[in-house]
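Biologist: I would like to learn how to read burial, strand pairing and empty space in a protein model. Could you take me through them one at a time?

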Amino acid sequence: MVFEAGEFKERLHKTKAEMQKREIDILITTNPANMNYLSGYDGYSFYVIQGVVVLMDEPEPLWIGRKMDVPGAEFSTWLSIENIFGYGDDFVQSNTKHPMHFFADVLSEKGVTNKTIGLEWCQDSLSVTSFMEFQKKLPNCQFKDASFLVNQVRMIKSDMEIYYMKLAGEITANAMKMAIDSINEGVKESDVAARIYQTLIKGTELQAGDYPAIIPLMSSGNKISAPHLSWTNSSYKKDDIVTLELSGCVHRYHAPLARTVYIGTPPQKYIDIVNIVLEGLQEMLQVIKAGVTCDEVARSWNKILAKSTITKESRVGYPIGIGYPPDWGEQTISIRPGDRTNLQKNMTLHILPALFQADTGFVVSESIRVTEDGSELLTHLPQNLVHK
């Protein structure tokens with residue numbers, strides 16, 4: 001296993017403490033990142049219904065999924081075989097059976113008839129149909145929204161989690177260097193993307209890379225204002241601005257990074273914008289430490305931005321860690337005005353003061369660990385604009 005059983009037990013203890021606060025007897029997480037966090041399960045099977053069930057009085061969670069994925073659960077989790085349950089293929093995409101019927105039957109065998117069950121209503125992994133079918137089978141149970149309960153527990157990382165994120169950060173830096181070195185006038189975007197993927201998966205001499213939760217984001221030319229597009233069949237041209245955002249991944253832990261390349265000689269007006277953004281990034285990194293609020297970090301960025309005519313409405317940071325498609329973010333706090341959450345030691349964040357505007361596209365970011373008196377970078381690569 002990637003972690004010792006003791007670490008999983010500590011995660012389970014923290015999750016149960018949060019369940020008690022919310023008066024939840026049973027928690028069912030269907031989010032693949034949360035399933036991984038509580039059980040260690042790491043299979044590409046989240047296109048079918050599966051989940052990890054936490055019962056307050058049970059020393060281990062239950063893993064419930066498709067029967068053909070039971071061997072994967074036995075291989076990758078810390079759970080005893082008797083706590084791993086698989087439903088047959090006649091439940092898959094059936095008009096007469098539903099996997100949540102199987103979930104309900106497992107819980108009924110455990111004596112669950114009138115408990116309060118927490119479900120992740122806001123997660124893509126739980127459909128309205130799944131909830132309705134589950135509720136039909138357990139009519140005497142009460143249901144509560146527990147959408148981000150485990151996500152919030154995940155925010156404080158252990159030393160081993162941070163170690164894996166640093167390994168991911170090494171792979172990230174290598175892939176970003178490869179991308180920057182590869183980008184030139186006349187080079188196809190798809191060729192650069194292929195080199196990025198090769199570097200991400202190959203990893204380092206000691207650590208192979210996993211597939212990242214998000215594709216390499218590679219906007220350029222007249223697409224520079226669109227942050228979530230990627231490679232095309234086109235080739236780079238002179239005076240193209242190329243923005244890159246990508247991440248290495250180790251045991252599902254990410255350390256994303258963003259950088260920008262200018263093919264040619266950038267005008268002074270653009271350089272001035274770049275310098276403002278870089279100053280804003282440094283200001284945020286100076287402010288970040290345990291006890292500071294997300295709002296305070298965002299205001300430090302806005303203070304620098306106010307020196308210019310640049311505007312930015314989107315957030316400038318979010319928490320990272322375990323990730324499966326489509327997201328490496330933890331879906332909890334945001335570095336933006338109004339978020340009064342206090343940062344804590346060993347939170348890990350992607351600080352991203354990116355501009356996606358028609359003539360001024362520029363991205364730069366850092367993945368960091370919050371410390372008692374500051375922050376620690378998880379990747380190491382120059383932040384400056386690259387001229388080609």
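Biologist: Let's start with helix α4. What covers the buried residues of α4?

Modeller: A good habit is to list the elements in contact with the buried residues. This is a predicted model, and in it the cover over the buried residues of α4 includes the strands β1 (26-29), β2 (51-55), β3 (62-66), β4 (84-87) and β5 (116-119), together with the helix α5 (128-137). Helix α4 itself spans residues 99-109, and 8 of its 11 residues are buried. Those are P99, M100, H101, F102, F103, A104, V106 and L107. After the helix comes G111, with a positive phi near 85°.

Biologist: How many residues does helix α9 have, and how far does it reach from its first C-alpha to its last?

Modeller: For a helix, compare the end-to-end distance with the expected one. Helix α9 (residues 268-287) has 20 residues and reaches 29 Å, close to the 28 Å expected at 1.5 Å a residue. For burial, look at the list again: Y270, I271, I273, V274, I276, V277, L278, G280, L281, M284 and L285 are the buried residues of α9.

Biologist: Now a strand. Why is β11 described as largely enclosed by the rest of the structure?

Modeller: Start with the burial count, then check each face. Strand β11 (residues 257-262) has 6 of its 6 residues buried, so it is largely enclosed by the rest of the structure. Its two faces are both covered: one side carries L257, R259 and V261, the other A258, T260 and Y262, and all are buried.

Biologist: And which strands does β11 pair with, in which sense?

Modeller: Read the sense and the number of bridges for each partner. With β8 the pairing is antiparallel, over 6 bridges, and here E245 stands opposite A258. With β17 (residues 386-387) the pairing is parallel, over 2 bridges. There, Y262 has H387 as its bridge partner.

Biologist: Let's move to enclosed space. How many cavities of 30 Å³ or more does the structure hold?

Modeller: A cavity is a space where the probe fits but cannot get out. The structure holds 1 cavity of 30 Å³ or more, and the volume of the largest cavity is about 40 Å³. Around it are L217, S219, P227, T243, L244, E245, F356 and V363. By class, this lining has 5 nonpolar, 2 polar and 1 charged. Both β7 (217-220) and β8 (241-246) supply at least two of its residues, with the largest share, 3 residues, coming from β8.

Biologist: What about open space: which residues lie nearest the centre of the largest pocket?

Modeller: Begin with the volume, then work outwards from the centre. The largest pocket has about 500 Å³ of space. Of its 32 lining residues, T30, P32, F46, D124 and S125 lie nearest the centre. The lining has 15 nonpolar, 12 polar and 5 charged residues. At least two residues each come from α2 (32-39), α6 (149-154), β12 (317-324) and β13 (327-329), and β12 gives the most, with 3.

Biologist: Which elements give two or more residues to the second largest pocket?

Modeller: Use the same steps. The second largest pocket has a volume of about 340 Å³. It is lined by 16 residues, and H228, E245, R315, Y318 and L352 are the closest to its centre. The elements giving two or more residues are β12 and β13. Its lining divides into 9 nonpolar, 3 polar and 4 charged residues. Notice E245 here: this residue also lines the largest cavity.

Terms used:
Residues are numbered from 1 along each chain as its sequence is written. This is a predicted model: local features need pLDDT of at least 70, side-chain atom pairs count only at pLDDT 80 or more; totals for chains, interfaces and linings use all residues. Side-chain values use heavy atoms; hydrogens and water are left out. On a 1 Å grid over the protein atoms alone, a cavity is a set of points where a 1.4 Å probe fits but cannot get out, and a pocket is an open set with protein on both sides within 12 Å along at least five of seven lines; lining residues have an atom within 4 Å of a point. Grid points are joined across faces, edges and corners, and a volume is the space filled by probe spheres set on the points. Helices (H or I, at least four residues) and strands (E, at least two) are DSSP runs, numbered from the N terminus. Ala, Val, Leu, Ile, Met, Phe, Trp, Tyr, Cys and Pro count as nonpolar, Asp, Glu, Lys and Arg as charged, and the others, Gly among them, as polar. Buried means under 20% relative accessible area, exposed over 50%, partly exposed in between (1.4 Å probe, protein chains only). Contact means heavy atoms within 4.5 Å. The expected span of a helix is 1.5 Å times one less than its number of residues. Two strands pair if DSSP finds at least two bridges between them.
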